[in-house]
Every structure is written in C-alpha cells, then in structure tokens.
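Visitor: Before we go through any particular spots, I would like each label to be justified rather than merely applied. Could you show me the model and then set the values against the definitions?

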Amino acid sequence: MSPFLLLSPPGMLNDTTVGIFRNSEKLRLRSASIRYCKVSAKAFRLALCPHRLLELDASWVPGDLTGADVISGLASNPDCRASLQMLTLNGLSMNLGTLEEDGGVCVGFSSLQGLKTIHLVNTDLTDDILEDICSLPRLETLDISCSSVTELNALLKCKNTLRSLIAHRLYRLDTTPVRLLFIFTQLHALRHLDFSYNHFANDDSERRANGDEAVRQLLESGPQILPSLVSLDISGRKPIDDSVLRGFVESRSGLVFLGLLATGLSSSPVLSSHENLKVTGEANEKQLWEALRRYRERECFVKEALIHLYHLTTDTDKPQPDMLKLVVEAMRSHPESPHVHLLATACVFNLTTRDLAEVMPVRLMSATVTQLLHAMETFPNIQQVQSNCLMALCNDFLLQNVPFDRYSAAMLVIKWLSNHEEPTLQRIAVAVISILVAKISVEETALLSNDISFMKQLLTVVQHKAMLGLVDPTLKFALSALWNLTDETPAAARNFINCQGLELYMEVLESYYSETAIQQKVLGLLNNIAEVEELQSDLMDEDLLEHILSLLQDSQMLVEVRYFAGGILAQLASRAEAWTLDQELRSTILEQLHKSIMTWPHLEQEMVSYRSFRPFCSLLQTCQPSGVQLWAVWAIHLVCRQNASYYIHMLTKEGLMELLKALDTHPDTHSDVKRVSQSIMRMVQEQQSPCEVTNSQTEPGKS
C-alpha cells in the first residue's frame, strides 16, 4: 500500500473527520498537517499516533492540545520514535513539566531519536526543554523564534550536527555578547543563522543591545568563524558601519543570502557587486519581493516591506503578478492585523490600477478580490482600509471579468455606503455597486431586493443629488444600479415603489429634461416596472404618461430616450383590459408609437441589453396593435444586430422564432412589422451553426 500525505486546509479536520485515519493498516500516513484544525489530544493520539510518521505539523491547533500531548502520543509508538524526522509545533503550549511514560520514565523531545528538524515558534519553550532537544543525535534544523528561552548554552550539545538555527526575536534572552559569540563560533556545521529582531517591539533594551552587539562582533570576525555559513539574517538589528558589512561579504565567497530588512544596510554598494547574493531589504523591488517571500509569518517584517513597496509602486506601469501574489499571501497570513491590511490594500491598488489588472492571471485576481472583501468585512471601522479596498475594487475589468462572490461584495459595499458620505468614496462605492448589480444572477438580484435597505440607500443618493440639481457620476451610477436591480425582478420593482421611488423619478424626469443620460436611466427603470403586469396600475398616471408621450414624440430627443419612452408606453397600452385612463390617450399612444418608431435611425452603439426576451412575448401576439408589435420587433432587431451570438441564441431558446413566424404569416400584421420580423429571421438563418454561448457571454447590464 502506498503511503498517504495528509495536508488539511485550515479548520477542515476535527475530532470526527480525523477519525478516518484510525486504521493505520488501510491508510498509512507518512506526513500530516493539522495546522489550525481543532483536534483534541485524545483524537490526535487515536488517529495519528499509530502511523509511522516522517513529518508532523500541529501548529496553532486551537483547544487543549499541548506539546506534551503530541510528544507523549508520538513516543507511545515505537515506530514513530525512530521514523519521525520533522516536527512543527508553532503556537502550542509545551506543558512538558511532569510528562512521564508508563513505567515512570520521563519522555520528551529526546524520545523521538529520529528528529532532524524542529520548529517551535511562539511557544513557551524553556531552557530545560531546549537542553532536551539539543541532545538529539541527528538535529540539523531548529527554529525557536519568539520563544521564552533565556540562554543558548544548550546549543553546544548539537554543535557538530546543527546546520540551521532560526532564533528571531528571543525577547527573554539574557546572555552577554561575548558568550553569544562564543556559542555561535562553536556551531561548526552551521550554514544558516537567523538572529533577526522585531524592530517595532518594545522589548528590554539591554537584552536587545546585547544581541545587536553580538551581531556586530560576528560580522567583524573573520571567515574562520562559522566557516560553513552561507546564509545570515540580521533584519531588524541596529545599523552597523557599511565598512563592516563590506568586509563580511567580501570575505565569504560562498554567501548566498543576507537578511538586511530594517537595518539601513540594504543599499550598501557591496551588495550590487554580488549578483547571486539574495538580499531582503528595502532598496529595490527585488529585495522587497524576497522579504515578503521569506517573512510571510513575521508581521513586523511584512509591515516594513509593505511600507516600502507602497512607495516604490505608486506610479508603476509594470505588471508584477509575483509581487501581488505575495501581498495577498501576507493578508492571508495575518487575517486580523489592521496594520498589515492597511498597507497591503494600498499596495494592491498600486499593483492593479489602470490596465495592470488585465494582464494578471485571473485566478490571482480572484484571490485578490476575495482578500479585499475580507478586509472590508473584518475592519469596518478603519476608514483607510475601507477606502483602499473601494479604490482597488473600482476597476471595470476586475468587476466585469474576474470571478468572485459579487452578491456578498454588493452587500458589503452598500453597508459601507450607509455609514459614509465622503463624496469621492461615495462615488466609487456607487460605481462599484452599479457594476456588481449588473453582473449578478436574477436569483441573487432577488435576494438583494429582499433587503429593502439596499434600495433605500441608493434612492437616498439619487434624492440628495436631485435636490441639489447635480449631474455627476455618482447620480448616474446610482440610477444605473437601480435600473439593474429592478431588471426582471418584480420584488425589487415593488420595493422601489414602496420606497416612494416612483414619485422621486417623476420629479427627476421633469427636472432633468435636457439630460439625455439621466432620462435614459430613469426611463429604463420605469420600463422594468411596466414589464410587471401587477405593477402596471402604479404607472397609470395621466400626467406621467403624457410626459413620457411627449418624450416619444420629440424629434429633437435622442433615440436612446425615445426608445425607452416607447417601451413603457408599449407595455402599458398592450393590455387593453387593464387600461384605466382615458381611451383617447391610449389610442394616441398607439398611433404615435408606430409613427415615431418609423423615424428612428439604425444605431451602431450598444444602447440596451436584456437578460431574456420574456417581457416581449406578450407584445408579439398577433392580436396586439401594430405600434406595440413594431416596438418589440425593433428592439429585438437592434440587440440581435449588435450582439448576434448572444441574442440569436436567446431568441431560439426562448421560442420567439415561432412568434415572429406567426406575425409574418398573419394577414392582419402591418407591413412595417412584417419587414422587421423578416429581417430578424434572416439574421437567424445566416448563422451557420447553432450559437454556443459560453459562461462569459452574459448579459452586460445597463450602464
């Protein structure tokens, strides 16, 4: 049977699901990761300890699992004692004080004689436990960063085997510089030393100074000290003279890595003369990329790198997908850090602004948007984070083409809008909403419409702008959002009416008579209401319909406005039995519909789009007046000519070809209606093969 690798996504495993691994004969685990998974000590012992494991990562396991539980469980399996080579227990409480085996023999890390690599970051590691660890005969890699050890004398026990020591921010270390240097010099096999520090921390200044001095002395020592060293990380340490760094680098030809972030040394000229030397620092984007890659789990260095990355990318026009990926990973690694998210979201904006998003991998952009939405949800009261996210999201390519949860995004942004009135950000938020609403499904639109606060918030924006008589992008975006929100969504149309939207729109129609873009969006929404039979009675207002009729008849008015005016009138006049106003008005409307449409020119620019042709079915019946029929076939002809692959597929799928054929053959059909119908049918016939519409060819929405 082949060995099995268990790499559980964070939180996936629990006491129940981990139980499937209890039978070590049928499922033979060799490597297991239960990072962030809530697995109890009992479940861990029963499910994982019977296996002959080579590697185990039990970092940051919530609940009561301790280092003692892990060690005792693994030590209970004789095979594991010899086989386990890597153990990672970052973030766990050790609690090894009274640990005993059956028979009274004390157990500890040294019971696992096969261990070569141990990671104990952010643990309550003590000097005694470190002594036990360093007695392991094969120990090669040890990470004790951010632990509570006070001295490092125990390292002398493994001086001939230890190849990598990671000792970032040992905040309780109480050892003189001379003693530290002596210990380092005895580690004859050491190739990688990380003695970096958190430069933001308010730790004991004397202890930190001792470490800084030990680093200075190490750099000043010759290559005979730590002769095998090829990698040194002193990021966050107190700056030293450039000459000291130059001497160290030039005396070690085998050096491949230097960690110099937040030391003031990363711009040293000696570094540029060693092209193969990798450096973390802030002098250039290459150094920052290396810093974000290596320091993903260290918040202090992530913040430092992001600060400098933001300034370096402020005016960038170069796509940097690898850098963006690291920024997103930094956000994931520190999901609750406001400082990281404030800086990271600003960097995301720089790296995706203008046309940069279009050349990024789609999967990367999808992950980026997901992290931006997480930031908005997690830090609702941090204005700058919200601002950064909104500005990054306000990207037409991103909103139109990148897959992500647009429904949740719309809810997040409208929630933000309800609590903020800053003009620039309000414009951005409304612009984002207008595109999101156009891209979500009919079902999701219906869900949005159930939250009446969504409708109210957008109407509040329109009302505020209308009261001031403003014509600005915010008003246009809000009108577009409302238009899309009510498209084939009767519940949303009803909410619009219940929120006094109809009265507001009647005022806007009159006060913005000369503003074509405003008129078009207002009439477009009224068109959506007119398509809903049970709501048509709300539009039966003589003053309103006479005003709309005047727009239809106005030869000076653009077709974009007259088209939507005609659509409203066609829907209302199509149901003679539901008409409650003067019949003479209906007759005039039907006459002017036909007359006006015959004067409309062909339009090349896309003016309207439809989710479906269902609202047209009733208008295409052979019993309808010619004006109603003519508006419907003119509309279908328009969109089919402008986007044939999408709409001709819709036309045949929804059965409208039969209605068009019936019109064409009916003796009472007006010749003008027949002519347009025949033109549509010819377009369908000209399609060489059935139209296949991919998921990306979705209804583009109103703008």
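**Labels and the values behind them**

Visitor: Why is K303 said to lie over the face of F200?

Guide: K303 lies 4.7 Å from the ring centre of F200. A charge sits over a ring when NZ of Lys or CZ of Arg is within 6 Å of the ring centre and within 35 degrees of the ring normal, so the distance of 4.7 Å meets the first of these conditions. The charged end of R294 is likewise placed over the ring of F257, at 3.6 Å from its centre.

As for the basis of these values, this is a predicted model, in which local features need pLDDT of at least 70 and side-chain atom pairs count only at pLDDT 80 or more, while totals for chains, interfaces and linings use all residues. Residues are numbered from 1 along each chain as its sequence is written, and side-chain values use heavy atoms, with hydrogens and water left out.

Visitor: Why is Q519 called buried?

Guide: The relative accessible area of Q519 is 1%, and the residue is called buried because that term covers values under 20% (over 50% is exposed and what lies between is partly exposed, with a 1.4 Å probe and protein chains only). Q519 belongs to helix α23, residues 516–530, where a helix is a DSSP run of H or I with at least four residues and a strand a run of E with at least two, numbered from the N terminus.

Visitor: What surrounds Q519, and which backbone oxygen does its side chain reach?

Guide: Apart from its neighbours within four places in sequence, Q519 is in contact (heavy atoms within 4.5 Å) with V508, L509, Y512, Y513, L551 and V561. The side chain of Q519 reaches the backbone oxygen of L509 at 2.7 Å, which is inside the limit for a polar contact, a pair of N or O atoms within 3.5 Å of which one must be able to donate a hydrogen and the other to accept it; residues adjacent in sequence count only if both atoms are side-chain atoms.

Visitor: How do you know that T175 is buried, and which backbone oxygen lies by its side chain?

Guide: T175 has a relative accessible area of 9%, and therefore falls in the buried class. This residue is in the loop between β7 (164–166) and α5 (177–186), and, not counting residues up to four places away in sequence, T175 touches T150, E151, L152, L180 and N210. The backbone oxygen of T150 lies 3.5 Å from a polar atom of the T175 side chain.

Visitor: What makes Y610 and F616 an edge-to-face pair?

Guide: The count of aromatic pairs comes to 15. In one of these, Y610 and F616 have ring centres 5.1 Å apart and planes at 85°; rings of Phe, Tyr and Trp (its six-membered ring) pair if their centres lie within 6.5 Å, with planes under 30 degrees apart called stacked, over 60 edge-to-face and the rest tilted, so this pair is edge-to-face. Y646 and Y647 are also edge-to-face, at 4.8 Å centre to centre and 85° between the planes. Y610 and F616 are both buried, and Y646 and Y647 are buried too. Ring pairs join these four residues to others, including W483, Y563, W600 and W634, in a cluster.

Visitor: What sets the phi of E488 apart, and is this residue buried or exposed?

Guide: E488 has a positive phi of about 50° although it is not a glycine. Most residues other than glycine have a negative phi. E488 lies in the loop between α20 and α21 and, at 18% relative accessibility, counts as buried. N95 also has a positive phi, near 50°, and is found in the loop between β4 (86–88) and β5 (117–119), but with a relative accessible area of 52% N95 is exposed.

Visitor: Which residues of helix α21 are buried, and what covers them?

Guide: In α21 (residues 490–498) the buried residues include A492, A493, N495, F496 and I497. Their cover includes α18 (442–450), α19 (452–468), α20 (473–485), α22 (501–511) and α23. After α21 comes Q500, with a positive phi near 60°.

Visitor: Why is Q536 called buried although it lies in a loop?

Guide: Q536 has a relative accessible area of 3%, which means that it is buried, while its place is in the loop between α23 and α24 (542–553). Q536 touches A530, Q571, L572 and R575, leaving out residues up to four places away in sequence.
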